[in-house]
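Biologist: I am new to this structure and would like a careful, close look at one part of it, namely how the helices and the sheets are placed against one another. Could you take me through it step by step?

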Amino acid sequence: MKIRTSLALKYTVVTATVFFLCMMTVYYLSERIRSNTFYHTLKSEAVTKAHLFLSHKADAQTMHSIYKNNKSFIHEVEVAVYTPDFKMVYHDAAEHDVIKETPELIHDIVSNGTKEWYQGAEQAVGLLYHYQGVPYVITAVAYDGYGYQNLRELRDILWLLLLLDVSVLFLAGFFLAYIALKPIRFLVRETEQITASQINRRLPVRNQDEIGELATTFNALLERLEVSFNAQKQFVSHASHELRTPLASLTAELDLALQKDRTVSQYREALENALSDARKMGRLISGLLDLAKVDYGVERIRMEEIRIDELLLDVRTMILRAHPSYQIELVFAQESEDADDLTLYGNSYLMRIALSNLIENNCKYSEDHTSFVQISFWKDSLVLRFSDNGIGMTPDEVQQVFTLFYRGAEGQHYDGHGIGMTLVQKIVTLHRGRISISSEEKKGTTFIVELPHL
């Protein structure tokens, strides 16, 4: 069942139920009004007949005759008059008494002054009536044929209205559901146009209602999917492009070594060259994998509290173990008594990669292979400055330094693939930080990283 039909049915059921309850309330109140009105009529009829008899304006025979004549074509009121000690003074139809008065009933009426009750389908009343200072008990009973007839007609009309109401409500609900779901049908048609080759398309947001929120949320999902697809495409493209060169070099080196018999030293040299190419390819693959991991997004990366000073010491130890000729100086610009000043929320593996790339970049491009790392903090952020006295960069190179696989004119003479700085920028951005560069050609470069701390 489609949502449109389901909404129409639910709307019809709910509204029809409310309408039915209102009908029942109207019917119940009408019955109460009929019952109370007829009780009032019975009392008036009872007092009128009793007064006619007691005032001798009509004798018993005449009143019996009137009762019998009226009884044949209308629901005539049957009236009886008793004394408080249960002596019958007058009765319209003593031979087929409907109420069948008892001393207990008469006593109850005398005690309460009035009494109303149902005698089967008929209504009955009893009341204490004083005529010329003498108390009498009057009872009256009759069937409210006219009232019940009106009630039956009201019931039929209400049922007919309910039937018409349900029909109209379903049609109205179906129409309203059609109008309400029209924007969703539009979104469905637009969504069908989005394919893997057109992942950049977005759904139009016409109104800021629930449908607009749905379109906005779906567009945000498309944004994330597009980033993921592009990351995968870039990874495949970059991997295939960059791996081709070292793999070709490795293959050529091995082919050359196998073309003819060589001395042990020549084979050793060929193997060392092949090993060097293999290591370069390994570093390239590691860089590409790290780059792909950063592109996963923060929701898929485990975050924890990290002490930046401890992490820098670990990175320094790791780099010096691999490059004993490098020099790394860590300088704290100020002392802190609060550990939170040097703590940030992030991924220690990725931060270690970013810090090691920055430090190695300083050491690699400076003649003395030295990196100066200054650590400072402010109210809301940590500031790390990575400085060297190396070759520096031109303004154009500074603009391009975070571009993937970009290498400056002087950088071509150094080992690398142009992945490190792109990776650093993505890691810093992933940690809600900022990175900037201050560089002057032939005088050195400073990378400034600002990260929010706890």
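Modeller: In this predicted model, helix α1, which spans residues 3–54, lies across the strands β1 (78–82), β2, β3, β4 and β5, and runs at about 40° to β4. Those five strands form an open sheet, in which the order is β2-β1-β5-β4-β3 and the pairing is antiparallel. At its edges stand β2, made of residues 88–91, and β3, made of residues 114–119, and each of these pairs on one side only. From one strand to the next, the twist of this sheet averages 20°. Within it, β4 (residues 122–131) and β5 (residues 134–142) are joined in the antiparallel sense by nine bridges, and one pair that can be picked out is V125, whose bridge partner in β5 is A140.

Another sheet can be followed further along the chain. Five strands make up this open sheet too, in the order β7-β9-β10-β12-β11, but here the pairing is mixed. Because β7 (327–332) and β11 stand at the edges and have a single partner strand each, one side of each is left without a neighbour in the sheet. On average, and with direction ignored, neighbouring strands of this sheet are turned by 15° against each other.

It helps to walk across this sheet strand by strand. Strands β9 and β10 form a hairpin that has three residues between them; they run antiparallel and are joined by six bridges, and in this pairing Q374 stands opposite R385 in β10. On to the next neighbour, β10 pairs with β12, again in the antiparallel sense, over seven bridges, with F447 in β12 as the bridge partner of F386. Of the seven residues of β10, six are buried, so this strand is largely enclosed by the rest of the structure.

From β12 the pairing continues to β11, and these two strands run antiparallel and are joined by seven bridges, S439 standing opposite T445 in β12. Helix α10 packs on the sheet at this end, where α10 touches β11 and β12, and the direction of α10 makes about 140° with that of β11. The buried residues of α10 are M421, T422, L423, V424, I427, V428 and L430. It is useful to recall here that an α-helix has 3.6 residues a turn, so residues three or four places apart point the same way. Just after α10, R432 takes a positive phi of about 60°.

A single residue shows what this edge looks like in detail. S436 lies in strand β11, and because its relative accessibility is 35%, S436 counts as partly exposed. Not counting residues up to four places away in sequence, S436 touches T446, F447 and I448. The C-alpha atoms of S436 and E450, which are 14 residues apart along the chain, are separated by 8.7 Å.

What lies between these helices and strands can be described through the nonpolar cores. The largest of them has 40 residues, and the members that touch the most others are I308, L312, L355, I359 and F386. At least two residues of this core are supplied by each of α7 (308–322), α8 (348–364), β9 (370–377), β10 (381–387), α10 (420–430), β11 (434–440) and β12 (444–452), and the largest share, eight residues, comes from α8. I359 gives an idea of how such a member is surrounded: leaving aside its neighbours within four places in sequence, I359 is in contact with L312, V315, I319, I328, S371, V373 and F386. Apart from this core lies another, of 21 residues, which includes V81, V125, Y129 and A142.

Stepping back to the whole chain, there are ten helices and twelve strands, and buried residues make up 38% of the 454 residues. Among the contacts in the chain with a separation of 6 or more, 65% are between residues 24 or more positions apart. The accessible surface of the chain comes to about 27,100 Å², and 57% of it belongs to carbon and sulfur atoms.

Definitions and conventions: Residues numbered from 1 in each chain as written. Predicted model: local features only at pLDDT ≥ 70, side-chain atom pairs only at ≥ 80, totals over all residues. Heavy atoms only, no water. Core = buried A, V, L, I, M, F, W, Y, C linked by side-chain atoms within 4.5 Å. Buried < 20%, exposed > 50% of the residue type's maximum accessible area, 1.4 Å probe, protein only. Helix = DSSP H or I, 4+ residues; strand = E, 2+ residues; numbered from the N terminus. Contact = heavy atoms within 4.5 Å. Pairing = 2+ DSSP bridges. Axes fitted to C-alpha atoms, helices over the stretch in contact; angles between N-to-C directions. Areas by Shrake-Rupley, 256 points an atom, 1.4 Å probe, with all protein chains shown as cover.
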